[in-house]
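Student: I should like to take a close look at a single part of this model, namely the sheet and its surroundings. Please give one connected account of how the strands are arranged and what lies around them.

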Amino acid sequence: MSCRAAVSTGTLGDVLALRAKMLGTAGIVSVGGVRDSATVAGIGLPAFTLSVHPAVLGRRHVPVTTPGSRRR
C-alpha cells in the first residue's frame, strides 16, 4: 500500500485486513500506519507497516481502486 509514508494516520484497520484475508491476500506491506493493531494481529494476516496510530485516514488518502472493485 502506497501511503506516502504518512505515519500520523492508520491506513490499514481491522475491517480492511479481514477483507483482504477473506479475498486470499497472503500479507500486507504498507508505507503508512496501521490502526486497530491488536485486532489486525489477531486476524492472522501478516502486516508490515511503518507505524501504529489510532487515527483514521480522513481525507489524506482516498483509494481510486481496490482489488476486485469496479470503476463506476
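Tutor: Let us begin with one pair of strands: β1 and β3 run parallel and are joined by two bridges. Within this pairing, L12 has V34 of β3 as its bridge partner. The model is a predicted one, and every value below is computed from it.

The pair belongs to an open sheet of three strands, in the order β1-β3-β5, with parallel pairing. β1 and β5 (51-52) are the edge strands, each of them pairing on one side only. As a general matter, the strands of a sheet pair through backbone hydrogen bonds, in either a parallel or an antiparallel manner.

To place these strands in the chain, consider the order of elements. From the N terminus on, the protein chain runs β-α-β-β-α-β-β, which comes to two helices and five strands. Residues 24 or more positions apart account for 51% of the contacts with a separation of 6 or more.

Strand β3 covers residues 33-34, and G33 lies in it. G33 counts as buried because its relative accessibility is 0%. Its C-alpha atom is 6.7 Å from that of L12, although the two residues are 21 apart in sequence. G32, by contrast, is found in the loop between β2 (28-29) and β3. G32 also has a relative accessibility of 0%, and therefore counts as buried. The C-alpha atoms of G32 and S51 lie 6.7 Å apart, with their positions 19 residues apart in sequence.

S51 leads to the edge strand β5, where this residue is found. With a relative accessible area of 16%, S51 is buried, because the cut-off is under 20%. Apart from neighbours within four places in sequence, S51 is in contact with V7, G32, G33 and V34. Two of these partners, G33 and V34, make up the residues of β3, and G32 belongs to the loop between β2 and β3.

The remaining partner, V7, is found in the segment before β1 (10-12). V7 counts as partly exposed because its relative accessibility is 39%. Together with V31 and L50, V7 makes a nonpolar surface patch of about 240 Å². V7 thus takes part in a surface patch and also touches the buried residue S51.

L50, another member of that patch, can be related to V29, since their C-alpha atoms are 9.1 Å apart at a sequence separation of 21 residues. V29 has its place in strand β2. Its relative accessibility of 59% is why V29 counts as exposed. Setting aside residues up to four places away in sequence, V29 touches M1 and F48.

The bridge partners L12 and V34 bring us to the nonpolar core. The largest such core has eight residues, namely L12, A17, A20, I28, V34, V40, I43 and L45. At least two of its residues are supplied by each of the helices α1 (14-22) and α2 (37-43). In soluble globular proteins, nonpolar side chains tend to be buried together. One member of the core, A20, touches T25, I28 and L45 when residues up to four places away in sequence are not counted.

A47 adds a further link to this core. A47 lies in strand β4, which covers residues 47-48. With residues up to four places away in sequence not counted, A47 touches L12, I28 and V40, and these three residues are listed in the core. A47 itself counts as partly exposed because its relative accessibility is 32%. The C-alpha atom of A47 is separated by 9.5 Å from that of S37, ten residues away along the chain.

Between β3 and α2 there is a loop, in which D36 is found. The phi angle of D36 is near 55°, a positive value in a residue other than glycine. D36 counts as partly exposed because its relative accessibility is 35%.

Finally, the protein chain may be viewed as a whole. Of its 72 residues, 28% are buried. Its accessible surface comes to about 5000 Å², and 59% of that area belongs to carbon and sulfur atoms.

Definitions and conventions. Residues numbered from 1 in each chain as written. Predicted model: local features only at pLDDT ≥ 70, side-chain atom pairs only at ≥ 80, totals over all residues. Heavy atoms only, no water. Patch = residues over 30% accessible without salt bridge, like charges linked within 9 Å, V, L, I, M, F, W, Y side chains within 5 Å. Areas by Shrake-Rupley, 256 points an atom, 1.4 Å probe, with all protein chains shown as cover. Salt bridge = Lys/Arg side-chain N within 4 Å of Asp/Glu carboxyl O. Helix = DSSP H or I, 4+ residues; strand = E, 2+ residues; numbered from the N terminus. Buried < 20%, exposed > 50% of the residue type's maximum accessible area, 1.4 Å probe, protein only. Core = buried A, V, L, I, M, F, W, Y, C linked by side-chain atoms within 4.5 Å. Contact = heavy atoms within 4.5 Å. Pairing = 2+ DSSP bridges.
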